[in-house]
Amino acid sequence: MRIDIEDLAKTYDNGQPALHPLRLSLPSGALVALLGPSGSGKTTLLRLLGGLETPSAGQVRFDGVAATGLSVQERRAGFVFQHYALFRHMTVFENIAYGLRARPRRTRPARAEIDRRVHRLLALIRLPEIGPRYPAQLSGGQRQRVALARALAIEPRMLLLDEPFGALDAQVRKELRRSLRQIHEATGLTTLFVTHDQDEAMELADLVVVMSMGRIEQIGPPAEIRARPATAFVRAFLTA
Ligand SMILES: Nc1ncnc2c1ncn2[C@@H]1O[C@H](COP(=O)(O)OP(=O)(O)OP(=O)(O)O)[C@@H](O)[C@H]1O
Ligand SMILES: [Mg+2]
């Protein structure tokens, strides 16, 4: 799905603009990194796209259709957060199936279809055997993979990931980068992930959006941003 953002802005109750009006067009199927220091507005932008926050101004279009007024459910985003609490009292299988089982009967897939989908997703995250386990019986990296599978189960139109690997150690992060790349290739979903780790952004993304103080400093493929930083901020951020 193509995403067009037009003069989108957000000011929270404290009156400080978290996001100044910004424009951004993301082609369908892109793997996009939102890169920037703490407080630069990455999470705010992601939450606005997912419908978890209401913008103060501006428009969002999905495949050219106005989406600003759509609810979270209507937007059909798959979310993964840094500390995405899986339901502790549910098995991995039940966690992944949750979004499908929670649907009204009219749109809920049959039990056999839910089974098939969950098994397909467990294969996709390369953990085919862990369906019966509980979250407490998984490593941190495995939990985040299950969170990815859970986000994919509802057949989202886009994936929104906020520092999905932030709490993991360096080795596991690298493994999960490969998983995300592979999942992205398998699903073709337009995917935005937030990170303040430039290596992660550069290694994974087709398109990097560098943010600072609620503004976009530069948008481009990793090689271009490395070769031609557009602003003093980007240059300093990349060498930091
Ligand atoms: N619910 C809120 N109410 C008031 N201000 C907020 C709220 N959420 C975020 N902000 C402010 O908006 C600005 C952008 O925050 P945001 O969480 O989008 O940054 P971020 O880039 O995700 O930072 P981090 O890397 O620390 O997660 C910050 O100044 C923050 O304090
Ligand atoms: Mg954040």
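This briefing covers a sheet, two helices that lie across its strands, and one loop residue. The model is predicted. Its open sheet has 6 strands with mixed pairing, and helices α1 and α5 lie across strands of that sheet.

**Sheet**

- The strand order in the open sheet is β6-β7-β8-β3-β9-β10.
- The edges are taken by β6 (77–81) and β10 (215–220); each has a single partner strand, so one side of each has no neighbour in the sheet.
- On average, neighbouring strands are turned by 15° against each other, direction ignored.

**Pairing of β7 and β8**

- Strand β7 spans residues 158–162 and strand β8 spans residues 190–195; the two pair in the parallel sense over 5 bridges.
- Asp 162 has Val 194 of β8 as its bridge partner.

**Helices across the sheet**

- Helix α1, residues 42–50, lies across β3 (31–35), β6, β7, β8 and β9 (207–212).
- The direction of α1 is at about 150° to β7.
- Helix α5, residues 140–153, lies across β6 and β7.
- Relative to β6, α5 runs at about 165°.
- Strands β6 and β7 are thus crossed by α1 and by α5.

**Ala 136**

- Ala 136 sits in the loop between α4 (111–124) and α5.
- The relative accessible area of Ala 136 is 72%, and because the cut-off for exposed is over 50%, Ala 136 counts as exposed.
- Ala 136 and Phe 87 are separated by 49 residues in sequence, and their C-alpha atoms are 10.0 Å apart in space.

Note on methods: Residues are numbered from 1 along each chain as its sequence is written. Chains are lettered from A and ligands numbered from 1 in the order in which they are written. This is a predicted model: local features need pLDDT of at least 70, side-chain atom pairs count only at pLDDT 80 or more; totals for chains, interfaces and linings use all residues. Side-chain values use heavy atoms; hydrogens and water are left out. Two strands pair if DSSP finds at least two bridges between them. Helices (H or I, at least four residues) and strands (E, at least two) are DSSP runs, numbered from the N terminus. Axes are lines fitted to C-alpha atoms, for helices over the stretch in contact, and angles run from 0 to 180 degrees between N-to-C directions. Contact means heavy atoms within 4.5 Å. Buried means under 20% relative accessible area, exposed over 50%, partly exposed in between (1.4 Å probe, protein chains only).
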